[in-house]
Amino acid sequence: FRLRLLYVSTFNFCDMLKPIVLLLFFIFTSCINNYQYARFHDVDLTDVDYLANIKNDTGITVLLDKVEDQIKISELIKDVKYIPLETSDNSLISHISAVDIYKDRIYIVDNIMQNKVYIFDIDGKFIKAIGQKGGGPEEYALLTGMTIDRKNERLIVYDNMKRRFMYYTLNGDFCRSVPTPFSFAGEMMVSPKGDLMSVSNKSNMNTHLKELDDYRILFTDSLGNVVKGAFNYDDNSSLAIAYSQLYRTNSELVFYPQYMNSLYTVNDSTITLRYKIDLSNYSPYNLLDIQNVKSENVFNEITRGSTYLQPNMIETNDFLYFLVTNKTEYIFSFFDKKTNNIISFHGFDYDGDCVFNPTITRMNSYQDYFVSSVPVEFLKMIKSNRDKSENKFSDNVASMIDSLHEDDNNVLVLFKLNKL
């Protein structure tokens, strides 16, 4: 069964997120009109450090060249594991916004309808759901971010309406909440020293931070005090939504500043170029044109005719995955960090046991596996088509799919790649 994942002319990954943002706005203005966005407390910038220097003399150039129309899943993937997530009244997930796996626990955010973080064990058995919509000290108003503090063994979520970081044990027990002195969309990680690193875009309008508003990564300590700004970069305050990305790969943190087509390794003291995605064989836009855009309409005209990197990448020990939009289509790529080989394609031939769709949920990684999710109805549709041919699923995977109901939670899929 083959599937070509098309990009239509009026759509890109950022456009995909805009309806979600509008839905969130509607839900929370309709259901919790009594709430107001918390005001920021005064920010003392006296002792703030500025990490402005970027080492651009290193890094690996990844050239996007030949793109295949379809690739066979069986030739790309060597190992796959499925984790069905237990479905009950207490664990029903409407939308998987983010997923992380740490110490045999699965943490899933649904910030579209349920506004909760769900905790499962590594086999998919439900443990606990944390957070309810409301104004109480342990309740969310607008859940937009989650990360795990691996240094202090804490789960941290961000409420963008209350402007607070909320701390939990890894089992989901509430510890405390800390006010946030700025606005951001919820993209965050914890630095090696234990500070929270939050991605703030120009469109967040943190003008009260003065010169610190020019920095895209803001470090806060355990009390919510701003201690550092990193990566001085203008991603254009005229654009309503910018989606820069911060992700973890083992012990390293990687930052993708929206529109730059480059990825940077970031720690507490340095910023180093990690990858440069070379799109010169296609139609990359001019960064200055994006920075000088004054309206969303002009921005959309530029991007619809251009080739650019989307904020949808992740790494394992051996591979980098990234997504590129080229005018009217998606290009999916896996780069082998050991051989420096790359495979790029528009769609999948689902001829093996692995089924995943990276446009549904932003992928993550766990050990040497990529982690994605797939709706049950999508699995059943592919199985139904393959049952009519000679190329069927293995007995174990077929049995797993048959045991599921179409209204069950999405299934997590973990997979490893063959050497390229």
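## An open sheet

Two strands pair if DSSP finds at least two bridges between them. In this predicted model, 4 strands form an open sheet. Their order is 5-29-28-27, and the pairing is antiparallel. Strand 5 (77-84) and strand 27 (364-366) stand at the edges. Each has a single partner strand, so one side of each is left without a neighbour in the sheet. From one strand to the next, the twist averages 35°.

Look at strand 28 (residues 369-374) and strand 29 (residues 411-417). They are joined by 5 bridges. Val-374 stands opposite Val-411 in strand 29. Helix 5 (residues 376-386) lies across strand 5, strand 28 and strand 29. This helix runs at about 90° to strand 28.

## Aromatic pairs

The whole structure holds 25 aromatic pairs. One of them joins Phe-231 and Tyr-264. The pair is edge-to-face, with 5.0 Å centre to centre and 70° between the planes. Phe-231 lies in strand 17 and Tyr-264 in strand 20, so the pair ties together parts that are 33 residues apart in sequence. Both residues, Phe-231 and Tyr-264, are buried.

Tyr-321 and Phe-334 form a tilted pair, because their planes stand at 45°; their ring centres are 5.2 Å apart. Tyr-321 sits in strand 24 and Phe-334 in strand 25, 13 residues apart. Tyr-321 is buried, at 0% relative accessibility. Phe-334 is buried too, with a relative accessible area of 0%. Ring pairs link both into a cluster whose members include Phe-370, Phe-378 and Phe-415.

## Charges over rings

The charged end of Arg-176 sits over the ring of Tyr-167, 4.1 Å from its centre. Lys-228 has its charged end over the ring of Phe-219, 5.1 Å from the ring's centre.

Methods
Residues numbered from 1 in each chain as written. Predicted model: local features only at pLDDT ≥ 70, side-chain atom pairs only at ≥ 80, totals over all residues. Heavy atoms only, no water. Helix = DSSP H or I, 4+ residues; strand = E, 2+ residues; numbered from the N terminus. Axes fitted to C-alpha atoms, helices over the stretch in contact; angles between N-to-C directions. Contact = heavy atoms within 4.5 Å. Phe/Tyr/Trp six-rings, centres within 6.5 Å; stacked < 30°, edge-to-face > 60°. Buried < 20%, exposed > 50% of the residue type's maximum accessible area, 1.4 Å probe, protein only. Lys NZ or Arg CZ within 6 Å of the ring centre and 35° of its normal.
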